[in-house]
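Subject: The structure I promised you

Hi,

Here is the structure we talked about, so open it up and turn it around a bit before reading on. My notes on what I found come right after it.

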Amino acid sequence: MATTAKADTSKKTASKTPAPRRTRRTNRRDPLAISLLKKDHREVDAMFDEYEQLEKDAEKLALFNKIALALKVHTQIEEEIFYPEERGDVEDDLMDEAYVEHDGAKKLIAEIEAMKPSDEFYDAKVKVLGEYVKHHVKEEEQPGGMFSQAKKGDEDLEAMGERMKARKEELMAQMKPAKAN
Ligand SMILES: [Fe+2]
Ligand SMILES: [Fe+2]
């Protein structure tokens with residue numbers, strides 16, 4: 001009853017070198033200062049997308065107020081902490097443009113805040129603000145952009161991130177009730 005045992009010649013040769021371990025380089029976590037700012041970027045981006053779906057004025061107003069608050073707090077922590085401390089690690093031109101872009105966004109936010117959702121151009125202004133912010137975020141996040149230059153610099157981005165996080169909480173608390181009284 002000998003089964004037709006096939007001669008197993010294909011014995012695996014144990015490879016002596018183990019599979020290369022995934023290097024940390026391929027998936028390195030961003031330091032806290034950067035991951036915090038990127039998270040803000042994603043959140044505000046999602047809110048602009050959500051705005052597009054809205055039809056009721058009351059909902060538009062409520063969401064725009066959230067967008068405005070998020071942008072104000074974000075730009076302020078960048079301008080108080082991240083930008084000045086990264087001055088020197090980041091090219092001057094890039095840094096100067098970032099401040100000018102923040103100012104442009106703030107003006108547009110103020111214009112929208114002075115309007116009602118039923119006004120002509122309200123939606124258009126919110127849309128343009130979203131595009132404006134998207135452009136600015138790209139300048140910060142793209143390869144060779146501000147964040148990548150900052151990561152190559154000397155600052156301790158973990159410690160800076162802790163300070164930014166604390167300041168963000170403070171600003172959120174300060175700015176939120178002012179709107180909702
Ligand atoms: Fe910025
Ligand atoms: Fe930013």
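Let's start with a pair of helices: H1 passes H4 in a left-handed crossing. Keep in mind as you look that this is a predicted model.

How do these two helices sit against each other? H1 and H4 pack with their axes 10 Å apart, at an angle of about 155°. An angle over 145 degrees counts as roughly antiparallel, and H1 and H4 are therefore roughly antiparallel to each other. If you want to find the contact on your screen, look on the H1 side for Lys38, His41, Val44, Phe48 and Tyr51, which meet Val126, Gly130, Val133, Val137 and Glu141 in H4. Sorted by class, this contact is made of 6 nonpolar, 2 polar and 2 charged residues.

Now zoom out to the whole chain. There are 6 helices and 0 strands, so to speak a run of α-α-α-α-α-α from the N terminus on. The chain has 181 residues, and 18% of them are buried. Take the contacts with a separation of 6 or more: 72% of those join residues 24 or more positions apart.

Next, the inside. The largest nonpolar core has 15 residues, and the ones touching the most other members are Ala33, Ile34, Phe82, Ala150 and Met164. Helices H1 (32-53), H2 (57-86), H5 (146-152) and H6 (157-180) each give two or more residues to this core. H1 supplies the largest share, with 4 residues. Apart from this core lies another one, of 10 residues, including Val44, Leu71, Ile112 and Val126. You have met two of those names already: Val44 in H1 and Val126 in H4 are among the residues where these helices meet.

Ala150 is worth a click too. Leaving out residues up to four places away in sequence, Ala150 touches Ile34, Glu86, Asp89, Val90 and Leu157.

One last stop is methionine 115. Where does methionine 115 lie? You'll find it in the loop between helix H3 (92-113) and helix H4 (122-141). Is methionine 115 buried or partly exposed? It counts as partly exposed, because it has 15 C-beta neighbours inside 10 Å, and a buried residue would need 20 or more. Try picking out leucine 61 as well: methionine 115 and leucine 61 are 54 residues apart in sequence, and their C-alpha atoms are 9.7 Å apart in space.

Have fun exploring, and write back with any questions!

Cheers

Conventions
Residues are numbered from 1 along each chain as its sequence is written. Chains are lettered from A and ligands numbered from 1 in the order in which they are written. This is a predicted model: local features need pLDDT of at least 70, side-chain atom pairs count only at pLDDT 80 or more; totals for chains, interfaces and linings use all residues. A residue is buried if 20 or more other C-beta atoms lie within 10 Å of its own, exposed if 12 or fewer, and partly exposed in between; C-beta atoms are placed from the backbone. Two residues are in contact if their C-beta atoms, placed from the backbone, lie within 7 Å. A nonpolar core is a set of buried Ala, Val, Leu, Ile, Met, Phe, Trp, Tyr and Cys residues joined through C-beta atoms within 7 Å. Axes are lines fitted to C-alpha atoms, for helices over the stretch in contact, and angles run from 0 to 180 degrees between N-to-C directions. Angles under 35 degrees count as roughly parallel, over 145 as roughly antiparallel, 65 to 115 as roughly perpendicular and the rest as oblique. A crossing is left-handed if the near helix is turned anticlockwise from the far one by less than a right angle, and right-handed if clockwise. Ala, Val, Leu, Ile, Met, Phe, Trp, Tyr, Cys and Pro count as nonpolar, Asp, Glu, Lys and Arg as charged, and the others, Gly among them, as polar.
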